[in-house]
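Please look over the sequence and the model before reading on, and keep both in view as the paragraphs below lead you through them.

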Amino acid sequence: MPTKVSNNQSFQKVPTSNSNWKMGESQKILSGKTLTFEPNVFTSSQLHQFLVGSFPRPACIISTISPEGISNAAPYSFTNLVCTDPPTFSLTVFKNSDGSLKDTQVNIDASNEFAVNLISDWFIESAHASGMPCPPEVSEFDRIGFTPKPSTIIKSPLIAQSPVNYECKVSQRIPFINKEGKETAILYMGEIVKIHVNEQVYDTDKATFKYENLKALIRLGGSLYAKINTIVDPNQTTDSQ
Ligand SMILES: Cc1cc2nc3c(=O)[nH]c(=O)nc-3n(C[C@H](O)[C@H](O)[C@H](O)COP(=O)(O)O)c2cc1C
């Protein structure tokens, strides 16, 4: 039975929870006791599930293109902006559970390029579905229903549903090797060579993003995501709000 969820779309700017906090005052510590784990008490798949549950992450779709011209798209969350000078985005691609390579890795290794497409609330269904296995000769753009938007420097198409897209060129490729000496994943650093932002999510006069329109999602554990629909600003006092 699916869990019943409320469909409240409201977006709020609220005060921080403790807006009367003064410098030097100790803030809340949870009363529960700390559970401490050695990573090696878990199997590798248990550790993966545990870690992804413990630390919310950005969610995006990485789009790439194969040497045969087949465009690929899959969701990724071991991803982040890691430097702004040079502007750099990181992406970790694990091997599939059967040890085979993901199409994303094969395509990046062949082209040295990838595109990052931010996931927004209005296309979470198709974004999540693009994580299902799909043969390399089938494009997720057709299968899932993503609309291709042309890129300007790299060859891979961007996803038109996404309000923020980066075109990236690989600047570093770092393999991860586990204790058994097996390569488990590749960390790619991609230099951002072009940025595309839909004007509905960016106020050019104020040079600020309109988070109420961006509707970005955060990746939690399992199949869960969180919507960003509450904003706090610790620099604003309660009086000025
Ligand atoms: C929200 C979400 C985030 C994901 N993040 C990653 C990730 O960071 N690294 C990874 O290797 N796989 C990740 N996956 C799994 C891949 O999307 C999945 O293996 C996909 O089938 C890979 O497709 P590809 O073979 O076309 O590259 C994620 C899946 C979902 C649904």
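**The annotated domain, the core and the ligand shell**

For residues 52–211, an unreviewed UniProt entry lists "domain: Flavin reductase like"; UniProt positions are given here in the numbering used for this chain, feature names are shortened, and annotations may be inferred rather than shown by experiment. This is a predicted model, in which local features need pLDDT of at least 70 and side-chain atom pairs count only at pLDDT 80 or more, while totals for chains, interfaces and linings use all residues. Residues are numbered from 1 along each chain as its sequence is written.

Over residues 52–211 the chain is 15% helix and 44% strand, with its end C-alpha atoms 24 Å apart (helices, H or I of at least four residues, and strands, E of at least two, are DSSP runs numbered from the N terminus).

The largest nonpolar core has 31 residues, of which C60, I61, I62, L91, A115, V116 and I119 touch the most other members. Such a core is a set of buried Ala, Val, Leu, Ile, Met, Phe, Trp, Tyr and Cys residues joined through C-beta atoms within 7 Å, where buried means that 20 or more other C-beta atoms, placed from the backbone, lie within 10 Å of a residue's own. Strand 7 (113–118) is among the strands that each supply at least two residues of this core, and its four residues are the largest share.

Turning to the ligand, 18 residues surround it, and A74, F78, K102, T104 and G131 come nearest, a residue being near if its C-beta atom, placed from the backbone, lies within 6 Å. Strand 4 provides the largest share of this shell, four residues, while strand 6 and helix 2 (103–111) each supply at least two.

Technical notes:
A residue is buried if 20 or more other C-beta atoms lie within 10 Å of its own, exposed if 12 or fewer, and partly exposed in between; C-beta atoms are placed from the backbone.
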